[in-house]
Amino acid sequence: MAGSEGSKLWGGRFVGATDPVMEKFNASIAYDQRMWDADIKGSKAYVMALQKAGLVTQEEMEQIHGGLDKVFVEWSSGKFHIKPGDEDVHTANERRLKELIGEAAGKLHTGRSRNDQVVTDMRLWLRNGIDTLKGNAIELINTMVERAAVEIEILFPGYTHMQRAQPIRWSHWILSHAVALSRDVEQVEEIRRRVNVLPLGSGAIAGNPFNIDRELLRKELDFDGISINSMDATGQRDFVAEFLFWGSMCLTHLSKMAEDLILYSTKEFSFISLSDAYSTGSSLMPQKKNADSLELIRSKAGRVFGRCAGFMMTLKGLPSTYNKDLQEDKEAMFDVYDTVHAVLQVATGVISTLKVNQKDMEAALSPDMLATDLAYYLVRKGVPFREAHSCSGKAVYQAESKNVPLNQLTVKDLHSASPLFDSDVSSVWDYTSSVEQYSAPGGTARSSVTAQIEHMRAWLKAHRE
């Protein structure tokens, strides 16, 4: 164990061996090795800044670059060997670099702390991760928009409070979830801008004493800006917290959609049928076809919420600048990324392959859902809406008392609610006419839904670029 102390980036001050339990407890290599690529990129840029500052020679910089290229090949080919003393990816890469090129490797860490190194790696990794997740979300939104365009003629019940409310277009429902996801894309684009700020060159707390050219580092690593304050740069994890909240909000939207689809897929609704590719069966009941894909989407939201809440509690108790508690940031970040990545892909598969049962959807429409239309009939005859609402409510009560559908009330029956009801009230009992009256922007009329589709297509084009 004593031998491994010498390979640690902090080993000089310590003379005894680390307890093996503490060694394992302290290590993060099991998960932060995912940042090997970002760590190598950061180191290659940093040695260029060291060379410009006169702290390494041109030959030493080339040696280090060549060695790091070999380390890159080992990682990318799966041949990199993690050793017991490698407590994190930074230690592992520098240890291997020294094995490959010798003492020149010892100059790489000049003026650099793992405090600014790790947060640079995280920002580089998350920046790429956000790009991937944005692409996943855009693919899902595109699938939803194009499905809405194809199935625009299908009508079905809209629900509030889980009760039948008003007739709407199936496409209107699809687009309601696509629009929510579009906000998620816009939010993660904003988060990416805040992620893409360079902390490298901040040292452990006080900054860098060697006149390091941070603008060179920014350009080499393709950051948009440079951190303003070294203490803040190394100790803050706002960008991680924002990402975790973003994942929580995105999965809230997807969980809501999944819950609707789970209900719609039951025999009680039979509005949709899931593809076998996204369903499972029962080990006991042969007839079962379970919407496990959607149930897992729903459950993964809780997992991500937990990561977000847990990390916020970690941050809440910390003093300023870097503390080892922040090691918890990476597992939360990786887990939320992996979860959202999987959920977005599965959701795209579900939406692209589900089958709509149009007859069952339209059969679920019922005259009582046109009670608001009955009130609007009176409004169009000059009755104030509050009075018209009351008259329609009386008609509903009368239909329930007679145990007949609302549209089976005679004009004479309706006169007891309002004398303004006439034979033309029969025009109210048409579901297509009902949805077509909602033609204001955002509504469920065909023209409005078509406009929403075109808006979303233009949005997709703008956010793919």
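**Notes on the pockets, a helix pair and confidence**

1. Starting with the largest pocket: its lining breaks down into 4 nonpolar, 8 polar and 5 charged residues. The lining comes to 17 residues, and the ones nearest the pocket's centre are Ser265, Thr266, Lys267, Lys289 and Asn290. The space in this pocket is about 450 Å³. Keep in mind as you look at it that this is a predicted model.

2. On to enclosed space. How many cavities of 30 Å³ or more does the structure hold? There is 1, and the largest cavity has about 40 Å³ of space in it.

3. Who lines that cavity? Going along the chain, you'll find Asp39, Ser43, Leu68, His90, Asn93, Glu94, Leu97, Leu108, Arg112 and Gln117 around the largest cavity. By class, that lining holds 3 nonpolar, 4 polar and 3 charged residues.

4. Which helix gives the most to the lining of the largest cavity? That's α6, with 4 residues. Both α4 (36-52) and α6 (89-101) supply at least two lining residues each, so if you want to find the cavity on screen, those helices are a handy place to begin.

5. Now the helix pair, α8 (residues 170-195) and α11 (residues 238-264). Their axes come within 9 Å and cross at roughly 170 degrees. An angle over 145 degrees counts as roughly antiparallel, and α8 and α11 are therefore roughly antiparallel to each other. As for what sits in the contact of α8 with α11, the residues there divide into 17 nonpolar, 3 polar and 6 charged.

6. Last, how far does the predictor trust all this? The average pLDDT for the protein is 95, and 97% of the residues score at least 70. Residues 1-6 are a stretch to treat separately, with pLDDT below 50. Leaving aside near neighbours in sequence, residues 1-6 still have 14 contacts in the model.

Methods: Residues numbered from 1 in each chain as written. Predicted model: local features only at pLDDT ≥ 70, side-chain atom pairs only at ≥ 80, totals over all residues. Heavy atoms only, no water. 1 Å grid on protein atoms, 1.4 Å probe; cavity = no way out; pocket = protein on both sides within 12 Å on 5 of 7 lines; lining within 4 Å. Points joined across faces, edges and corners; volume = space filled by probe spheres on them. Nonpolar A, V, L, I, M, F, W, Y, C, P; charged D, E, K, R; others polar. Axes fitted to C-alpha atoms, helices over the stretch in contact; angles between N-to-C directions. Parallel < 35°, antiparallel > 145°, perpendicular 65-115°, else oblique. pLDDT = per-residue confidence, 0-100. Contact = heavy atoms within 4.5 Å.
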